[in-house]
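Student: Please take me through this structure one question at a time. Start with a term I will need.

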Amino acid sequence: MSLFNNQRLIICLFLLLCLNVSGCLRYSFTGTSIPADVSSIYIPFFEDRSGGGLGDLSDRLNNRLINRFVNQSRLSMTNDEDGADAWLEGTIQGYSNRQFSIGGDEQANLNQVTINVRALFQYASDEEPLWDKNFTGTGTYDVQENPVDGEVAAAEEALQQIVNNMFNDAVSSW
């Protein structure tokens, strides 16, 4: 009986160790799949043509994109397209803030913010973009709690989804 308890204890300790170790691992793009001849990127200001939403939506998107490409790859930023090995440019095409869920009292419980961005990614050495497409992100918030802060948080969530998808599409093409 004692041997059985010791085996159970060893198995439990082994499983706990495995869980601890797996929590220390992380997956990131740190430049390992970027072509050797690509060392810089240009990300100009994404114009906001949505006609609605947060006043600083373009700034928020650009800051997130720049941070993601600089922090998650070995690329450096350039101030113009002429000095860049690659560039990512686009426009914010749409912003909506609509009811997502209705409660029992016929009032909105949740609203959903949806942001649409059109972007293209191109290498300086290529005549055609690697991709030119739409990206959409969404975020929801409880309108009963703090609608103003909730909308900002939902917009941030939507922007993060867009940035993640753009980055992943760019690096998966490398």
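Tutor: Buried means under 20% relative accessible area, exposed means over 50%, and partly exposed lies in between, with a 1.4 Å probe and protein chains only. This is a predicted model, in which local features need pLDDT of at least 70 and side-chain atom pairs count only at pLDDT 80 or more, while totals for chains, interfaces and linings use all residues. Residues are numbered from 1 along each chain as its sequence is written, and side-chain values use heavy atoms, with hydrogens and water left out.

Student: Does E156 count as buried or exposed?
Tutor: E156 sits in helix α3. Its relative accessibility is 19%, and the limit is under 20%, so E156 counts as buried.

Student: Which side chain makes a polar contact of 2.2 Å with that of E156?
Tutor: Contact means heavy atoms within 4.5 Å, and E156 touches R60 and R64 once residues up to four places away in sequence are set aside. A polar contact is stricter: a pair of N or O atoms within 3.5 Å; within protein, one must be able to donate a hydrogen and the other to accept it, and residues adjacent in sequence count only if both atoms are side-chain atoms. At 2.2 Å, the side chain of E156 makes such a contact with that of R60.

Student: What pattern do the helices and strands follow along the sequence?
Tutor: Helices (H or I, at least four residues) and strands (E, at least two) are DSSP runs, numbered from the N terminus. The chain has three helices and six strands. Read along the sequence, the pattern is α-β-β-α-β-β-β-β-α.

Student: Which residue in β4 is the bridge partner of E47?
Tutor: Two strands pair if DSSP finds at least two bridges between them. Strand β1 (residues 40-42) runs parallel to β4 over two bridges, and there Y42 stands opposite W87. Strand β2 (residues 47-48) also pairs with β4 in the parallel sense over two bridges. The bridge partner of E47 in β4 is T91.

Student: Which element gives the most residues to the largest nonpolar core?
Tutor: A nonpolar core is a set of buried Ala, Val, Leu, Ile, Met, Phe, Trp, Tyr and Cys residues joined through side-chain atoms within 4.5 Å. The largest has 35 residues, and L61 and F69 are among those with the most contacts inside it. Two or more residues come from each of α2 (57-71), β4 (86-102), β5, β6 (131-142) and α3 (147-172). With 10 residues, the element that gives the most is α3.

Student: How are the rings of F69 and F167 arranged, and why?
Tutor: Rings of Phe, Tyr and Trp (its six-membered ring) pair if their centres lie within 6.5 Å; planes under 30 degrees apart count as stacked, over 60 as edge-to-face and the rest as tilted. F69 lies in helix α2 and F167 in helix α3, 98 residues apart, and both are buried. Their centres are 5.0 Å apart and their planes stand at 75°, so the pair is edge-to-face.

Student: Which backbone oxygen lies 2.9 Å from a polar atom of the Q122 side chain?
Tutor: Q122 belongs to strand β5 (residues 108-123) and counts as buried because its relative accessibility is 10%. Its side chain reaches the backbone oxygen of E127 at 3.4 Å. The backbone oxygen at 2.9 Å is that of D126.
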